[in-house]
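Reader: I would like a close look at a single part of this model, with the terms spelled out as they come up.

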Amino acid sequence: MDVFESRESEVRSYSRHWDAVFDSAAGSTMHSEDGRTFLDFFAGAGALNYGHNNPVLLRPLIDYLLSGAVVHSLDMKTPAKRRFLETFQELILIPRQLDYRVMFPGPTGTNCVEAALKLARKVTGRTHILSFTNAFHGMTLGSLSVTGNSMKRHGAGVPLTNTSSVPYDGYLDGPVPDFLWLRQALEDSGSGLDRPAAVIVETVQGEGGLRAARASWLRGLAELCREHDVLLIVDDVQAGCGRTGTFFSFEEAGITPDIVCLSKSISGFGLPMALTLFRPELDVWSPGEHNGTFRGHNPAFVTATAALEHYWRDDRFAADVAGLATRLHEGLSRIAEATEGSVVRGRGLLTGIFYADPEAARRIAAESYSRGLLVETSGPRSEVVKTMPPLTTTAEELQRGLDILADAAEHVTGAPVTLTTVA
Ligand code: PMP
């Protein structure tokens, strides 16, 4: 028994499936102490969109740290923070005609969700929040109260209140018109649904099984929220920062959420950082009303700025991601076709294969690991094999990952897979 098993809490999870002690990494590759090499299609659960130790981000980070500049600063002013705000404004907000105030909550995804929920309640004076079936928004009490997974909810130890879960796109398989129930419930004073402060939604359900909302569904949701004066929060913690091909995952739908949550890959380098963005009219916070010690992590501002400058100054990176996403979708479709009942789910480089038998998905992920590919499962029964390679993955690496996955799927299901190599 090693110290991880003897000393670390039972709550640990990834290290149970992946027994390697990972000691170095570069781009889309990780190495373990015992000499194994892994292709990483997990990408730090979406925190490593630009890969491991990306030199474009590492160099400015090292220079910054060696320069004697300020590392920790709560929300005091620093040149690193100024550069980040100016760059974010210039390269992300202005070109997309988004006028958002930028709030720095604590540095994790759940922190920016908590801030969003709190703000929505404060602005509207209402308490209720609507979330969707199979949503995942984080593990602290507020974000857990809008998360679907019953095992995770149970961990709260207290009732999770002031929220209701409503069907996500595709949940009812189409026999009921989208939003029929929600529209009726909002309009009917006898429905028993408290008028909500906000609706919180992921455009692709990263943890809950990779269902992707259609652009038309998202537009319908935005419209419904507008009609009923309900705030729309998009949780782009996992699907944002280019993961679906555009910087924000909601761009394709052409909607403008009232509040947006960003974390994971916003720092680009895997350093903790999060943002809650909202329309200026919603900025009703009193100074210090929501604060925290780790809101000013300057090394994260430095790498975040470098990532925006390098990858988001023009459309080339987005075009590369779109090309990779097409290849990934192609390959996964071939693998899914081999097994009855399997379908490809997701969008962009947040895509996977649903298996009717969750045991097949679990075993395929395990067989992939033993063949040198890191992929996790997603969904309430872990029934989806999830691929989330860094956006900087090369076409050759993508193909190699797909080959391993196809081999693992063939081994588990016994059904031959023909992958046409997309050169
Ligand atoms: N929202 C979404 C959509 C997420 O995928 C996650 C993390 N998987 C979170 C929030 C919570 O982020 P964190 O783990 O950094 O608290």
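Reader: Leaving aside its neighbours within four places in sequence, which residues is S378 in contact with?

Author: This is a predicted model, in which local features need pLDDT of at least 70 and side-chain atom pairs count only at pLDDT 80 or more, while totals for chains, interfaces and linings use all residues. Residues are numbered from 1 along each chain as its sequence is written, and side-chain values use heavy atoms, with hydrogens and water left out.

Once neighbours within four places in sequence are set aside, S378 is in contact with Q205, G206, E207, G208, G209, L210, E383, V384 and K386, where contact means heavy atoms within 4.5 Å. One of these partners, G208, is 170 residues away from S378 in sequence, yet the two C-alpha atoms are 5.9 Å apart in space. The side chain of S378 also makes polar contacts, that is, pairs of N or O atoms within 3.5 Å in which, within protein, one must be able to donate a hydrogen and the other to accept it, residues adjacent in sequence counting only if both atoms are side-chain atoms. A polar atom of this side chain lies 3.0 Å from the backbone oxygen of G206, and the side chain of S378 reaches the backbone oxygen of E207 at 3.0 Å as well. S378 counts as buried because its relative accessible area is 2%, the class being under 20%, with exposed over 50% and partly exposed in between (1.4 Å probe, protein chains only).

S378 lies in strand β14, and strands (E, at least two residues), like helices (H or I, at least four), are DSSP runs numbered from the N terminus. The strand leads on to the largest pocket, since β14 (376-378) is among the elements that give two or more residues to its lining, together with α2 (14-17), α6 (109-124), α8 (150-154) and α13 (358-370). On a 1 Å grid over the protein atoms alone, a pocket is an open set of points with protein on both sides within 12 Å along at least five of seven lines, a cavity is a set where a 1.4 Å probe fits but cannot get out, and lining residues have an atom within 4 Å of a point. The largest pocket holds about 1400 Å³ of space, a volume being the space filled by probe spheres set on the grid points, which are joined across faces, edges and corners. Its lining is made up of 48 residues, and S13, Y14, K152, E207 and E376 lie nearest the centre; E207 is also a contact of S378. The largest share of this lining, four residues, is supplied by α13. By class, the lining has 21 nonpolar, 20 polar and seven charged residues, with Ala, Val, Leu, Ile, Met, Phe, Trp, Tyr, Cys and Pro taken as nonpolar, Asp, Glu, Lys and Arg as charged, and the others, Gly among them, as polar.

Enclosed space can be set beside this pocket: there are four cavities of 30 Å³ or more, and the largest cavity holds about 70 Å³. Among the residues that line the largest cavity are F104, P105, M273, F294, R295 and H297, and its lining divides into nine nonpolar, two polar and one charged.
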